[in-house]
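Subject: Structure handover

Hello,

Please find the structure below. Have it open while you read; my notes follow it.

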Amino acid sequence: MVNFPDQKPYIDKNNRTMVPVRFPAETLGANVDWLPNTRQVHITNKAHDALLDTDIMATIDRKDVIVNGQTKFMDTTAVITNSRTMVPVRFISEYLGATVTWHESSRAAHVFTKGQTKEEIAKIEEQIAQEIKKQQPQPQPKPPGQFVKPEGVKKDITLDTGTYNITTYECKNLPVEIYDTVISKIEYKPGTPNEIAGNIAGTLYVTKNKASADTSIYLQGDFGYYLCGIVMTSIGTSISNNDGTYYSIYYFTIGRTPSIETAKKIGFSGKDGIYFIDNPYYNQ
């Protein structure tokens, strides 16, 4: 692979890969001279490997090129970028007798000088693609205990109030991060009495990081989907844990709410959808 320490290659408006002329030409063993008075670059090469005896004269901003005394035409021009003479790598390399290929997935131009077969070229391209992939910055995994947002999937969710097409996220475990709200813990206590909720089968306590972050709770199982009601206490819907976190209470009423043991997943509503996790209280 050729490194370009100052001016990087780029694709010009004619969809041609432009490179500083000295790096590929001299890497192939050719000599390069700059003629400032005529704004021309002169490339000469003596035959070696699969390369030919070649004399190339290219002029800045012109498509015509003199190759071994004959006029040829490129479909783009040599230009000066950041004080570097940039030339289309395919034309210049092929004039020298090399084979040039483009590998789309790695977005790399390859120049072959030893008459490699198609099979050899494909193998080398794949090896270089893997090397480029290793050199690219890789996303760093979050430390254990931090939320990694999964891909969202649109689903039809039917509730008592109707059917809604909602984006759902299948999360592996807690914590679940919904915008600036972090759900860090859920705890179910069966048979917790509550004078406001009425006939209680059990209560789900949901720990979060913000007092103002009320979220709807959904249950999902063979029964379909169910939206749990949040309990309003005398101080609101959020109660302090005295450690910087808060909890909200959701009730399960006898005869109306599915029992916690039948819910396969518990979902938390956010602005962009519902975040589901496996229910630790599910009785399979």
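Let's begin with Q220. Its relative accessible area is 18%, so Q220 is buried. This is a predicted model, so please read every value here as computed from it. Q220 sits in strand β17, which covers residues 217–221. What does Q220 touch, once its neighbours within four places in sequence are left aside? The contacts are Y225, A263, K264, K265 and F276.

Salt bridges

One of those names leads on to the charged pairs. K264 forms a salt bridge with D222, and their closest N and O atoms are 2.9 Å apart. This pair links distant parts of the chain. K264 is in strand β21, while D222 is in the loop between β17 and β18 (224–230). The two are 42 residues apart. K264 is partly exposed, at 32% relative accessibility. D222 is exposed, at 69%. There is also a network: salt bridges with shared partners join K155, E170, K265 and D278.

How many salt bridges does a search of the whole structure find? It finds eleven. Here are two more of them.

D272 pairs with K149 in a salt bridge, with 2.7 Å between the closest N and O atoms. D272 lies in the loop between β21 (263–270) and β22, and K149 lies in the loop between α3 and β12, so the pair ties together parts that are 123 residues apart in sequence. K149 is partly exposed, with a relative accessible area of 44%.

E26 and R22 also meet in a salt bridge, at 3.0 Å from N to O. Both residues lie in helix α1 (residues 22–27). They are four residues apart, about one turn of the helix. E26 is partly exposed at 40% relative accessibility. R22 is partly exposed too, at 33%.

A buried charge

Now look at D12. You will find it in the loop between β1 (10–11) and β2 (17–20). D12 is buried, yet it has no salt bridge. The nearest side chain of opposite charge is R16, and that is 6.5 Å away. What lies by the side chain of D12 instead? The backbone nitrogen of N14 is 2.9 Å from one of its polar atoms. The backbone nitrogen of R16 is also 2.9 Å from a polar atom of the D12 side chain. Leaving aside neighbours within four places in sequence, D12 is in contact with M18 and T76.

Strands and sheets

A short reminder first. Strands of a sheet pair through backbone hydrogen bonds, either parallel or antiparallel. Both kinds turn up here.

One open sheet has four strands, in the order β1-β2-β9-β8, with antiparallel pairing. Which strands stand at its edges? They are β1 and β8 (79–81). Each has a single partner strand, so one side of each is left without a neighbour in the sheet. Further in, three bridges join β2 to β9 (residues 84–88), and these strands run antiparallel. P20 has M86 in β9 as its bridge partner.

Next, follow β12 and β13. Eight bridges join β12 to β13 (residues 162–170), and the two run antiparallel. They form a hairpin with two residues between them. Within this pairing, K154 stands opposite T167 in β13.

β13 has a parallel pairing as well. Three bridges join it to β22 (residues 273–278). There, the bridge partner of Y169 is Y275 in β22.

Cysteines

How many disulfides are there? The count is zero. C171 is in no disulfide, and the nearest cysteine sulfur, that of C228, is 17 Å away. C228 is in no disulfide either, with the sulfur of C171 as its nearest, 17 Å away. For a disulfide the two sulfur atoms must lie within 2.5 Å, so a separation of 17 Å does not qualify. C171 is buried at 8% relative accessibility. C228 is buried at 6%.

An exposed loop residue

Last comes P137. Its place is in the loop between α3 (118–135) and β12 (152–159). Is P137 buried or exposed? At 79% relative accessibility, P137 counts as exposed. Its C-alpha atom is separated from that of V32 by 34 Å. Along the chain the two are 105 residues apart.

Best wishes

How values were computed. Residues are numbered from 1 along each chain as its sequence is written. This is a predicted model: local features need pLDDT of at least 70, side-chain atom pairs count only at pLDDT 80 or more; totals for chains, interfaces and linings use all residues. Side-chain values use heavy atoms; hydrogens and water are left out. Buried means under 20% relative accessible area, exposed over 50%, partly exposed in between (1.4 Å probe, protein chains only). Lys and Arg count as positive and Asp and Glu as negative; His and the chain ends are not counted. A salt bridge is a side-chain nitrogen of Lys or Arg within 4 Å of a carboxyl oxygen of Asp or Glu. A polar contact is a pair of N or O atoms within 3.5 Å; within protein, one must be able to donate a hydrogen and the other to accept it, and residues adjacent in sequence count only if both atoms are side-chain atoms. Contact means heavy atoms within 4.5 Å. Two strands pair if DSSP finds at least two bridges between them.
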